[in-house]
Amino acid sequence: MEKKKLEHLAIVMDGNGRWAKSKGLPRVMGHHAGVKAVERVVRAAKELGIPYISLYAFSTENWNRPKGEVMGLMGLFRYYLRSKLAELCREEVRMRFAGDLAALPPDIREILREAEEKTKDYSGTQFITCINYGGRRELLDAINRLLASPPEGGVTEETLRRELYLPDVPDPDLIIRTSGELRLSNFWLWQSAYSEYYFTNKYWPDFYKEDLEEAIKDYCERERRYGKA
């Protein structure tokens, strides 16, 4: 049995659209409110000394949403990264991205590249945005790279891990999902083998620092067995 400090916090940010609908607003306004929650939670994670925080921002399946909503989300990524990069640099937050980035619009790829380049030397909190990310896609990409150049001695867990999008990032200790949904939705499939889960009925735009602290308190009271009795 082991109690371990929270090193990697991962969040499935769910409920933006339903939050907007409950207030009689367009879905895109829910995504704008969700960005405010991102700012709050990343700041809180930094204050709490959490080294890694990863957020599920846009999945490989999200392209199937209405075209207007997808365009709105892409515009939001552009705005947020351009307007907040200087602030994140001042706070020495390292920005990283996980997903099939090659499929994103060229200007967004350039914004992501610039954000990673400008913050690569920061040693504090790492803020990982999973964009056009799918756990199955990540595993398929890793397997195909291994097939193209098979490792001597065969494939092991370690050789597969080295082909994942961010192999140096530790597995999530705690995965939070908002909005009352009780599923993983293709998020960090390999990495979540022994993650702890925390579900809340709150929509993502209504998630605040005190909600994060409550989730962490619940996590810290658990015993992580890793298959042991």
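How many salt bridges does the structure hold? The answer is 24, and we will visit some of them on this tour. Keep in mind throughout that you are looking at a predicted model.

**Stop 1: the sheet**

Start with the strands. Six of them make up an open sheet, with parallel pairing, in the order S3-S4-S2-S1-S5-S6. Select residues 94–98 for S3 and 196–199 for S6: these are the edge strands, each paired on one side only. Turn the view and you can follow the twist, as neighbouring strands are rotated against each other by 20° on average, direction ignored.

Now zoom in on the S6 edge. Strand S5, residues 174–177, runs parallel to S6 and is joined to it by four bridges. To find one of these, pick arginine 177, whose bridge partner in S6 is phenylalanine 199. Next, add residues 209–220, which form helix H7. Helix H7 packs on the sheet and touches S1 (8–12), S5 and S6, and its direction makes about 135° with that of S5.

**Stop 2: helix H5**

Select residues 135–148 to bring up helix H5. Does its length come out as expected for its residue count, or how far off is the span? At 1.5 Å a residue, the 14 residues of H5 should span 20 Å, and the end C-alpha atoms are 20 Å apart, so the two agree.

Colour Gly135, Glu138, Ala142 and Leu146, which are the buried residues to look for in H5. They cover an arc of only 70° around the axis, so they sit on the same side of H5. A helix rule helps here: an α-helix has 3.6 residues a turn, so residues three or four places apart point the same way.

What covers this buried side? The cover includes strand S4 (126–133) and helix H6. Rotate to the face turned away from the buried side, and you meet the exposed residues Arg136, Leu140, Leu147 and Ala148.

**Stop 3: salt bridges from H5 and beyond**

Stay with H5 and show the side chain of arginine 137. It meets aspartate 100 in a salt bridge, at 2.8 Å from N to O. Aspartate 100 lies in the loop between S3 and helix H4 (106–119), 37 residues away from arginine 137, so the pair links distant parts of the chain. Arginine 137 has a relative accessible area of 32%, so it counts as partly exposed.

Further along H5, select arginine 145 together with glutamate 163: they form a salt bridge with the closest N and O atoms 3.2 Å apart. This pair also links distant parts of the chain, with glutamate 163 in the loop between H6 (157–161) and S5, 18 residues from arginine 145. Both are partly exposed, glutamate 163 at 24% relative accessibility and arginine 145 at 36%.

For a network, show Asp14, Arg18, Arg177, Glu181 and Arg183, which are joined by salt bridges that share partners. You have already met Arg177 at the sheet, paired with phenylalanine 199.

One more pair is lysine 120 with glutamate 117, whose closest N and O atoms are 2.9 Å apart. Lysine 120 is partly exposed at 39% relative accessibility, and glutamate 117 is partly exposed at 42%.

**Stop 4: asparagine 16**

Finish at helix H1, residues 16–22, where asparagine 16 is found. Is asparagine 16 buried or exposed? Its relative accessible area is 12%, so asparagine 16 is buried. Leaving aside neighbours within four places in sequence, select its contacts: Gly30, His31, Gly34, Trp204 and Pro205.

Terms used:
Residues numbered from 1 in each chain as written. Predicted model: local features only at pLDDT ≥ 70, side-chain atom pairs only at ≥ 80, totals over all residues. Heavy atoms only, no water. Pairing = 2+ DSSP bridges. Helix = DSSP H or I, 4+ residues; strand = E, 2+ residues; numbered from the N terminus. Axes fitted to C-alpha atoms, helices over the stretch in contact; angles between N-to-C directions. Contact = heavy atoms within 4.5 Å. Salt bridge = Lys/Arg side-chain N within 4 Å of Asp/Glu carboxyl O. Buried < 20%, exposed > 50% of the residue type's maximum accessible area, 1.4 Å probe, protein only. Expected span 1.5 Å × (residues − 1). Arc of directions from axis to C-beta.
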